[in-house]
Amino acid sequence: MLEDRTTAASAAPWPAAYPTGYAVVDVETTGLARDDRIVSAAVYRVDARGEIEDHWYTLVNPQRDPGPVWIHGLTTEVLADAPLFTDIAEEFASRLDGRVLVAHNAVFDWSMIAREYARAERTAPVRQRLCTIALSKELALPLPNHKLESLAAHFGVEQRHAHNALDDARVLAEAFRPSLLAAAGGNVRLPLLECRPLTEWSDGPPRVVRQSTGSAPAAAYRPTSWRPSRKRPPCPYPNPGRYEPGKPLKQGMRIAFSGDTSIERDLLEDRAVEAGLHIATSVSRLTSLLVTNDPDSGTSKTVKARAFGTPVIDEAAFGQLLPDVAPASDG
């Protein structure tokens, strides 16, 4: 049980291979694509055993439309006088320097941070990252899904303002400490991954995402247990077949989702559609890829994917592939 492992951590020797410090990070962004920008960032520095040392927060002017205002609440007016990323890059770097970056769905936060530093012709001083979704899986925590709110509820951490970078980072920092203690108590190997900085960058024209002044878009992205199907225009590209591991996604591929995602499903699906992918509501022999954080859940989609031999990856891996979807073949 978690309580036993946490108690054991205080008595057992601390694992010598564990890092000496962490930077618990959350960034809010204009979207999920490679040309999207950070609009706010927060860092909680914690020591080797998960104790909070200090915290830092800033708004960032993205120099473009702020994207899903109905999620992060930051309008063009609010961000107009905020510093540019180049203005806060040095301070941000000092908060990360020499520490392991910790985030919920860390591949996303790291990707956005790495791109911002590449645009600024700098390199973020981060060598490793730790995803708290991966850590919760290593600890076999009995969570109903992979959302931050579920991790917070498990450890009794109060979430006051979801999708506010400062509050999300606080919640994660407070939930990370007992997770780290549990891992140490069980001598669990931390799921550390290498952070590879970008060494060059070229921006394409930014996408325009209209801000919402009404309730419809906000409702469309609000998390809910019941998700009505949304009509989408037909994908203009032919299905190129199944996804091949190690290769990029290709426009026209049929992507199916199953189960909960840490990013709002509708927002994730919309970004996939913008990249030229086709969202499939079910799995068939024509499905190119199934995205699920619970491949052993036994849902109809995962069962069919196994039967048809459809490739299956998790949300984090899909997030890495999404910014670099290959164009459809001519003809």
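Let me start with helix 4, which runs over residues 85–96 in this predicted model, and in which Phe-85, Ile-88, Ala-89, Phe-92, Ala-93, Arg-95 and Leu-96 are buried. Those residues lie on the same side of helix 4, because the arc they cover around the axis is only 150°. If you turn to the other side of helix 4, you find Asp-87 and Glu-90, which are exposed.

What, then, covers the buried residues of helix 4? The cover includes strand 1 (21–29), strand 2 (38–47), strand 3 (52–59) and strand 4 (100–103), together with helix 5 (106–119). Just after helix 4 comes Gly-98, and this glycine takes a positive phi of about 75°.

Now to the aromatic rings. The structure holds 7 aromatic pairs, and one of them is formed by Trp-14 and Tyr-18, which meet edge-to-face with 5.9 Å from centre to centre and 85° between the planes. Both partners count as buried because the cut-off is under 20% relative accessible area, and Trp-14 has 17% while Tyr-18 has 10%.

A second example brings us back to helix 4: the rings of Phe-85 and Phe-92 have centres 6.2 Å apart and planes at 65°, so this pair, too, is edge-to-face. Phe-85 has a relative accessibility of 3% and therefore counts as buried, and Phe-92, at 0%, is buried as well. Finally, which residues join Phe-85 and Phe-92 in one aromatic cluster? They are Trp-56 and Tyr-117.

Terms used. Residues are numbered from 1 along each chain as its sequence is written. This is a predicted model: local features need pLDDT of at least 70, side-chain atom pairs count only at pLDDT 80 or more; totals for chains, interfaces and linings use all residues. Side-chain values use heavy atoms; hydrogens and water are left out. Buried means under 20% relative accessible area, exposed over 50%, partly exposed in between (1.4 Å probe, protein chains only). Helices (H or I, at least four residues) and strands (E, at least two) are DSSP runs, numbered from the N terminus. The arc is that of the directions from the helix axis to the C-beta atoms. Contact means heavy atoms within 4.5 Å. Rings of Phe, Tyr and Trp (its six-membered ring) pair if their centres lie within 6.5 Å; planes under 30 degrees apart count as stacked, over 60 as edge-to-face and the rest as tilted.
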